[in-house]
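Open the model in your viewer and keep the sequence panel visible. The stops below are given in the order in which to select them.

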Amino acid sequence: MHYCFIINAEPSKAGNADKIQADIDNLGESIDYEIYRTTAEKTATVFVKEYCAEHPKDEVCFVACGGDGTINEVATGMVGAAKKHLAVLAYGSGNDFIKYYEGKDFLSLKDMINGKAHKIDILKVGDDRYSINVCNFGFDSVVASTANKLSRKGNKNPYRWGIVKAIFCGRFNRIQVKADGELLNEGKRMLLCTLGNNKHVGGEFFCSPRAKNDDGLMDVGYCKTTTLMGFLGLLPIYTVGQHLDNPKASSHFIYRQSKTVDVHSDKQIELCLDGEMLPGNDFHIEVLPEAISFIIPA
């Protein structure tokens, strides 16, 4: 197996190359590897796609060294390629994707190398965009879009401030949502909607507690618009993932498991794909079953 370690280009991640090299030196065994440093957003996807095309018969493990954005870029480049695997080393970065695998050490190179490959699903959005974790829109995408902008400016609590903004301008959304052809809202306003391949989003929100990333289905969590006081009452329940079972919250949610979701808005909106924003008016999202071979740490 050839290992290709992909490191985010951000200056704050520059030390990851030294960390990887030190971990490999301390491993006590020889591995075939290379290190690729991204130069800008989406360059990891381009690199992986080109590598897969140039080495169609080689077994390769692409190791995303970073957070959800890096994992998304690497996974996007891998879709459809044979004998290619995705692994994660969360060097200096927290993310939501790895929370699905409780008790696994995503900082251990040894555990990664001794891990087992398991086929997992990925969500395809439109023609060429993907979400391996969670796709969300409405209130959530206002939070994410604001948080991304604040994070680039060095804000220490970008998601908290994103929530504050969304409380005032992200609670009343005229977005039509269909799950496997079933219209969920019939023209009514919505608060938010999450399409979960995995369970967590935004660092602290247990948004899709029943989601499984290998069942060929996405978990659709549609939340109806509510008053400000109603929202404040829902938030702590939603944060810990009890919103589908707690009677105080469950009446506000429509829950489905589906293979496809269609989204329409007369006004341009943003979908949040693993933290990355995608603007538009119409979106078709579908599950690609077992599209990614993922290395679960030993």
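Two strands pair if DSSP finds at least two bridges between them; strands (E, at least two residues) and helices (H or I, at least four) are DSSP runs, numbered from the N terminus. This is a predicted model: local features need pLDDT of at least 70 and side-chain atom pairs count only at pLDDT 80 or more, while totals for chains, interfaces and linings use all residues. Residues are numbered from 1 along each chain as its sequence is written, and side-chain values use heavy atoms, with hydrogens and water left out.

**Stop 1: strand β8**

Select residues 176-179, which make up strand β8. Add strand β13 (residues 260-273): the two run antiparallel and are joined by four bridges. Glutamine 176 has histidine 264 of β13 opposite.

Next add strand β9 (residues 182-183), which runs antiparallel to β8 and is joined to β8 by two bridges. Here lysine 178 faces leucine 183. The hairpin of β8 and β9 has two residues between the strands, and aspartate 180 takes a positive phi near 50°.

Now show the side chains of β8. Which of them are buried (under 20% relative accessible area with a 1.4 Å probe, protein chains only; exposed is over 50%, partly exposed in between)? Val177 and Ala179 are, and they point to one face; Gln176 and Lys178 point to the other and are not buried.

**Stop 2: helix α6**

Select residues 158-169, helix α6. The expected span of a helix is 1.5 Å times one less than its number of residues. For the twelve residues of α6 that gives 16 Å, which agrees with the 16 Å between its end C-alpha atoms. Pro158, Gly162, Ile163, Ala166 and Ile167 are buried. These buried residues pack against α5 (139-152) and α7 (228-239), where contact means heavy atoms within 4.5 Å.

**Stop 3: aromatic rings**

Rings of Phe, Tyr and Trp (its six-membered ring) pair if their centres lie within 6.5 Å; planes under 30 degrees apart count as stacked, over 60 as edge-to-face and the rest as tilted. The whole structure has 14 aromatic pairs. Select tyrosine 36 and phenylalanine 47: the pair is stacked, because the ring centres are 3.9 Å apart and the planes are at 5°. Tyrosine 36 belongs to strand β2 (residues 32-37) and phenylalanine 47 to helix α2 (residues 43-54). Tyrosine 36 is buried at 19% relative accessible area, and phenylalanine 47 is buried at 15%.

Finish with phenylalanine 106 and phenylalanine 294, whose ring centres are 6.3 Å apart and whose planes are at 25°, so this pair is stacked.
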